[in-house]
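Let's work through some exercises on a protein model together. Try each task yourself before you read its solution.

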Amino acid sequence: MNAGQKSARRIAAGNGPISRDTVCVSCLHRLTHPSRRNASTGTALAESPSSPTQQPRHPNPPVTTAKAPRKAYQLLASPVLSRPPLLTRDLTSFEKAYYLYQKRLNERLALPFTRYFYYKKGTPGDAEWKRKIKVRKTPARDIGVYAAYGDEGWNDEVLVGDRTAERESVVEALLRDAEGKGIVDEEVVGDKDTEGLVVAGDAKVGEGQRRDLTKVEVERPVERVTEADRANNMRSLSRKMDRTLYLLVKNREGRWRFPQDRVHGRENLHQAAERILVQGFGIDMNTWIVGNHPIGHHQMNYTSGGAPAPRLAKISPNRLVSTSRDRPEYEQEEYGEKVFFMKGRMMTGQADIGKNEYGDSEFRWLVKEEVEEAVTGGYWKSVKDMLAER
Amino acid sequence: MHSLHSRPHVLRPSLRTPYNHTQTRHASLLRRPIRPYTFTQLITLSDGSTFTHRTTSPQPIYKSTRDTKNSVVWNPSSRKLLNVEEDEAGRLRRFRKRFGRGFDVDAEEKRGEGPENTQQDEGVPDEPAQEEESLMDLIAASAAQQQQASGKKAAAVEVVGGVREPAKKSGKGKGGQK
C-alpha cells in the first residue's frame, strides 16, 4: 500500500467504489470512517481537486467485495542470477605506472634486505642470490634493473613503452627467478662443434659459466583468457572471468529475458525465485537468493492500439507450491504484468535447459553490455540500474 | 619551542576562518617509519589459481597445498573433497604412501575372501592402477600368499598384525623385515 495521505485521498475521491485489492485494511478503515474530531475532513476529501473526473463523491465510500474476475496485474518473480567476477580487473596504465614508481620509491625508503637472515653464508642459496643480485642490482624482481643507493639512484623513471610495469612481465620475472635464471639470458659460451655447450675438458672456458644441469621448469599460471573467451561460448561460466555474468533465457515468444514466472499461492518472492531456478534449469546449480526484497521491477501493460486490453488468465496450481493447490484452477482478468527481480548468486554448477518447464529454448550467461543488446528497450530501462558495471 | 621536537603536531582546524575546517599540519618533524624490505610474491593455490602480493619473504613463488580451494567447508558442492580417501592433500594420502593400503576397510574384507583369490593375484594389490604402491603393500601381499600356502585360516588378521610390527620399528615403513 502506498504510504501517505495523498494516495488515499486520490483513491477515495477518484475511483468510485473501492475494491479491497487496491487498498490496504488500515487505509480502508480510515477512508470509510473519517475522524469525528475534524468534522470538515469528509468534505475536504470530497473537495480535493486531485482527479480530473468529476464523479459523485460520498463521504463514506461504499466498500465492495470482488466477486467477478478481479482487476489485477499478473505478479511475477524473476531471479537475476549472477556469477560474480572470478578475477581482479586489469590495471589501467596510470595504475601500473603508479605501482612501479611506488615500488622503486620503496627501495629508497624501506630498510635494506637482511640477506644473511634468510641465506646463510657459503650455502648454495647464498651463491645463487649473489649471482642474481649482480645482474639486477636489487633484491626485488619486479622493478627491472634499479640500484636505489648507487650512482643511478636518481634514475627511477622508465621510458615510454617500457614493459616493466605490466602484470605479465612481473609474473614472468618471478617465474624466471624461481627457475634460477637471471633477468637477461646469459649467453652460452662454447665451440660450434659442441653446439655452444661447454665441454667437460675446457675448464677455462667453463669457469664463469653456469651449466644447466637441472632444468627447473616452473609451472606457468593459467591464462586469464580461457577457451570459452576465444570461442565466445555464451553458455560457458568461464567466459569473461573479470566481469559479472547474468543468466538470461529466450522465452516462448523468442525474447531474451531474465527467467520469470508467476507467484503462486502464498509464496513470497524469495521462495518464488528459488522455485523458478529449479523449474527452469534443473537442480544442478548451487545458488543463493539474497534477501526477501526485490532489487528492481518492470511493469508492462497489456494494450491494443493504445487502449488497455485486459487478458483473461487461467491460473493453475504449481506442483512445487503447496499453498497454490488450496484452490483449483481459476481465472483472472489481468491488465498487465508486474515483474519483481530478485538478486541471486551462482556458486557452482550449470544451467540445464533440458529441464525447463516454461518453454524456454536456450540460456546464456551475458555481461551487462550484452544484456543491453539482447533485451528490448522498455525492459532494459527497468533492468539497467540493477546490473553491476563490472 | 618544545612542541616542534617532542610531540608530533595534532591535526587541528586552521584558525583564520572560524567556519573553515580543512585539515592542516604545520611543518614538524616526522620520524621515518622503520619498515622491512618487501618483495612481490606469486602465490599458487591448490587449484592452480594465482595472485601476487607483497611480503617480506624472499621466495618468488609460494605453492600452497592446503587452502580454501581444497577445503570441504569452502567447497560444499565438491564430492571429491567429501570423500576423504580421494582428497589429494589429505592426511590419508600421506598415511597410505607410507603404510600402504593394508589398513583399508575394503582391503581387509577382500583379504578375508583371500583363499580363492590369492593364487590368481600373485601379490598384486587390489586396484589395478596403483600408483602409490608402497613396500608395505608388497610385504602384506606376499605374507598373505605364504599364509594361504601353509593353510592357516586366521591369515587375514595375522597379516595385518605382521604388517604393523615393522611399521613401529621404522617410522617410514622402509626396511621392514618379515
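**Exercise 1. Find the acidic partner of Arg230(A) in a salt bridge, and work out how the two residues are placed.**

Step 1. The side chain of Arg230(A) meets that of Glu227(A) in a salt bridge, at 3.2 Å from N to O. The term stands for a side-chain nitrogen of Lys or Arg within 4 Å of a carboxyl oxygen of Asp or Glu.

Step 2. Both residues sit in helix H8 (residues 227-231) of chain A, and because they are three residues apart there, about one helical turn separates them. Helices here are DSSP runs (H or I, at least four residues), strands are runs of E (at least two), and both are numbered from the N terminus.

Step 3. Arg230(A) is partly exposed at 49% relative accessibility, while Glu227(A) is exposed at 55%. The classes are buried (under 20% relative accessible area), exposed (over 50%) and partly exposed in between, with a 1.4 Å probe and protein chains only.

A note on the model: it is predicted, so local features need pLDDT of at least 70 and side-chain atom pairs count only at pLDDT 80 or more, whereas totals for chains, interfaces and linings use all residues. Residues are numbered from 1 along each chain as its sequence is written, chains are lettered from A and ligands numbered from 1 in the order in which they are written, and side-chain values use heavy atoms, leaving out hydrogens and water.

**Exercise 2. Describe the salt bridges of Lys181(A) and Lys355(A).**

Step 1. Lys181(A) pairs with Glu179(A), with 3.2 Å between the closest N and O atoms. Lys181(A) is partly exposed at 31%, but Glu179(A) is buried at 9%.

Step 2. Lys355(A) pairs with Asp352(A), with 3.3 Å between the closest N and O atoms. Here Lys355(A) is partly exposed at 44%, and Asp352(A) is partly exposed at 27%.

Step 3. Shared partners also join Glu128(A), Lys132(A), Arg136(A), Arg141(A) and Asp177(A) into one network of salt bridges. Over all chains, the structure holds 32 salt bridges.

**Exercise 3. Decide which parts of chain B call for caution.**

Step 1. Start with pLDDT, the predictor's confidence in each residue, from 0 to 100. Chain B averages 71, and 57% of its residues score at least 70.

Step 2. In chain B, pLDDT stays under 50 over residues 112-130 and again over residues 158-178.

Step 3. Where pLDDT is low, the predicted coordinates should not be read in detail.

How values were computed:
Contact = heavy atoms within 4.5 Å.
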